[in-house]
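Ready for a few exercises with a model on your screen? Take a look first, then work through the steps with us.

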Amino acid sequence: VASTGSLDEEAPNLTDFLLDEMLVRLRDRGVSVRKATVFILRSFLLRCPTHLAYVRICRALLARAQAPREEESVREAVRTTFQELWFSWSPADGPQVQAHVQVTGTDISSASTRASRQKHAASVARQVTDVVATLDAASAGWLVTLIREMLHGANLATALAHGPGADEANTLLHAGIGTGAGADEDPQARVGKPQAQSNMGHATKTNGLSAAGAAGGSDSNLAVARKRRASLQHCSAVLQALQEQVVRSVEQQRGTENVVAAAVHALVLFCRAHPPFAPRCLPSLLPFLKGDTSLSSAQLAAVCGSICELLSASALVLGPALFREVESACLPSMQEIQADLSRLALSSNAANVEAAVAALALLSARVTRDAAPLATLAVRMFDSVHQVARRLAATTTTSTVGTGTGASGVTAGESARMQRCLMVLAALCRHYRRYSPALKLSAMVVE
């Protein structure tokens with residue numbers, strides 16, 4: 001592998017042959033062979049981001065990293081590869097930015113570098129979309145973990161994934177504590193920031209989530225804090241580029257359905273890694289809850305399920321401040337959003353029923369503090385089931401051959417409707433019990 005050196009795109013036939021051999025070497029028994037292969041593939045991907053094998057190579061690297069028995073050194077090589085590919089400046093841009101900062105003394109977000117960052121972010125967004133469209137759940141989960149570790153450090157990323165401190169870690173992350181949220185230049189991302197700042201001291205003392213504060217301002221930890229802040233800014237730029245990609249694809253309509261679904265999935269992966277990203281994704285995605293005929297039913301179901309997840313994260317991140325976010329961004333009213341979620345629970349697949357009811361419960365508990373939408377949906381489901389029960393009670397004739405009824409006298413349509421209603425009622429009961437202390441029910445609704 002070492003004698004192969006770098007892969008050269010100028011000799012396509014040789015390059016394709018060597019790429020196939022390199023992908024085989026990713027599964028070699030020797031750890032040093034696998035690691036050397038990752039380094040060569042990283043160099044190729046950085047030089048040839050438009051190569052036809054780009055997606056195939058990225059998918060193979062992610063699969064290698066999340067293999068159960070893979071050596072940590074190989075995982076670290078893959079982790080570094082994707083950090084250089086997607087979550088930092090490209091090698092060509094780096095020296096230009098550094099020279100600009102040193103000569104002018106201006107911030108990296110000045111006008112002369114902002115255009116370069118946006119161009120690079122748009123390129124990364126296209127690459128991420130193409131790769132995410134082909135990932136399985138395990139590889140996508142590893143990518144989420146990678147982003148978490150890059151933005152928050154390994155300790156918080158581990159706590160978010162599992163462990164006794166998961167609830168506390170999630171609370172701190174949703175509040176933006178110790179995550180570098182203040183480095184983001186988007187004013188909308190600063191909603192709720194005073195509360196995060198007031199708790200900063202407690203976070204650094206108890207959890208060590210703020211590297212710079214916990215280390216007393218040492219040079220090494222300040223460098224880590226700057227690196228995480230730069231990664232957060234770059235991820236924010238990629239997030240914006242992904243949203244613009246969704247909007248452009250919707251405007252083009254034909255031939256872009258897969259791009260829309262993949263871009264939305266990519267947005268969800270970023271938001272799983274850093275929930276404060278979620279509110280900024282809503283303006284470009286909420287219209288999909290109304291239904292989009294340009295997408296297939298499966299694609300629309302996947303997109304709507306992702307939007308429900310983002311709404312839940314937004315409710316956790318902002319709480320009542322989500323009202324102001326909705327009003328300032330000229331989004332549909334909260335009542336309209338809740339009505340769309342109720343409609344989705346009645347028409348989508350089982351996974352989306354759970355996601356829609358979870359989002360509806362979180363909005364009711366954390367944002368509006370009103371359980372009326374949940375109660376209204378529950379009454380509607382119960383009435384539908386009760387209507388079938390009354391008909392059966394009044395029926396004197398059991399099923400006959402050829403009438404389309406079952407042995408119980410229930411038609412196929414009634415059976416499907418009852419299954420849907422009971423599924424929604426079960427989800428409502430689960431989530432209402434979870435958030436009932438924060439919900440208010442009027443005397444009429446209780447009755």
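Below are four exercises, each with a worked solution.

This is a predicted model, in which local features need pLDDT of at least 70, side-chain atom pairs count only at pLDDT 80 or more, and totals for chains, interfaces and linings use all residues. Residues are numbered from 1 along each chain as its sequence is written, and side-chain values use heavy atoms, with hydrogens and water left out.

**Exercise 1. The chain as a whole**

Task: Describe the secondary structure, burial and contacts of the chain.

Solution:
- Step 1. Start with the helices and strands, which are DSSP runs numbered from the N terminus (helices H or I, at least four residues; strands E, at least two). The chain has 22 helices and 0 strands.
- Step 2. Turn to burial, where buried means under 20% relative accessible area, exposed over 50%, and partly exposed in between (1.4 Å probe, protein chains only). Of the 447 residues in the chain, 45% are buried.
- Step 3. Look at contacts, meaning heavy atoms within 4.5 Å. Take those between residues at least 6 apart in sequence: 68% of them join residues at least 24 apart.

**Exercise 2. An aromatic pair and its surroundings**

Task: Classify the ring pair of tryptophan 86 and phenylalanine 87, then place Trp86 in the nonpolar core.

Solution:
- Step 1. Recall the rule: rings of Phe, Tyr and Trp (its six-membered ring) pair if their centres lie within 6.5 Å, and planes under 30 degrees apart count as stacked, over 60 as edge-to-face and the rest as tilted. The whole structure contains 3 aromatic pairs.
- Step 2. Apply the rule: the ring centres of tryptophan 86 and phenylalanine 87 are 6.2 Å apart and the planes stand at 85°, so this pair is edge-to-face.
- Step 3. Check burial: tryptophan 86 is buried at a relative accessible area of 0%, and phenylalanine 87 is buried at 3%.
- Step 4. Widen the view: Phe82, Trp86, Phe87 and Phe270 make one aromatic cluster.
- Step 5. Find the core, a set of buried Ala, Val, Leu, Ile, Met, Phe, Trp, Tyr and Cys residues joined through side-chain atoms within 4.5 Å. The largest one has 105 residues, and Trp86 and Phe270 touch the most other members. Helix H16 (residues 297-318) gives this core its largest share, 11 residues.
- Step 6. List neighbours: leaving aside residues up to four places away in sequence, tryptophan 86 touches several residues, including Tyr54, Val128, Leu143 and His234.

**Exercise 3. A helix check**

Task: Compare the expected and actual span of helix H14 (residues 257-273).

Solution:
- Step 1. The expected span is 1.5 Å times one less than the number of residues.
- Step 2. With 17 residues, H14 should span 24 Å, and its end C-alpha atoms are 25 Å apart, which agrees.
- Step 3. Among the buried residues of H14 are Val260, Val264, Leu267, Phe270 and Cys271.

**Exercise 4. Salt bridges**

Task: Examine the salt bridges that involve glutamate 70 and glutamate 414.

Solution:
- Step 1. A salt bridge is a side-chain nitrogen of Lys or Arg within 4 Å of a carboxyl oxygen of Asp or Glu. The structure holds 15 of these salt bridges.
- Step 2. Arginine 64 and glutamate 70 form a salt bridge at 2.5 Å, N to O. Glutamate 70 is buried, with 5% relative accessible area.
- Step 3. Glutamate 414 pairs with arginine 391 in a salt bridge, with the closest N and O atoms 2.7 Å apart. The pair links distant parts of the chain, 23 residues apart: glutamate 414 is in helix H21 (residues 412-435) and arginine 391 in helix H20 (residues 372-394).
- Step 4. Glutamate 414 is buried at 11%, whereas arginine 391 is partly exposed at 31%.
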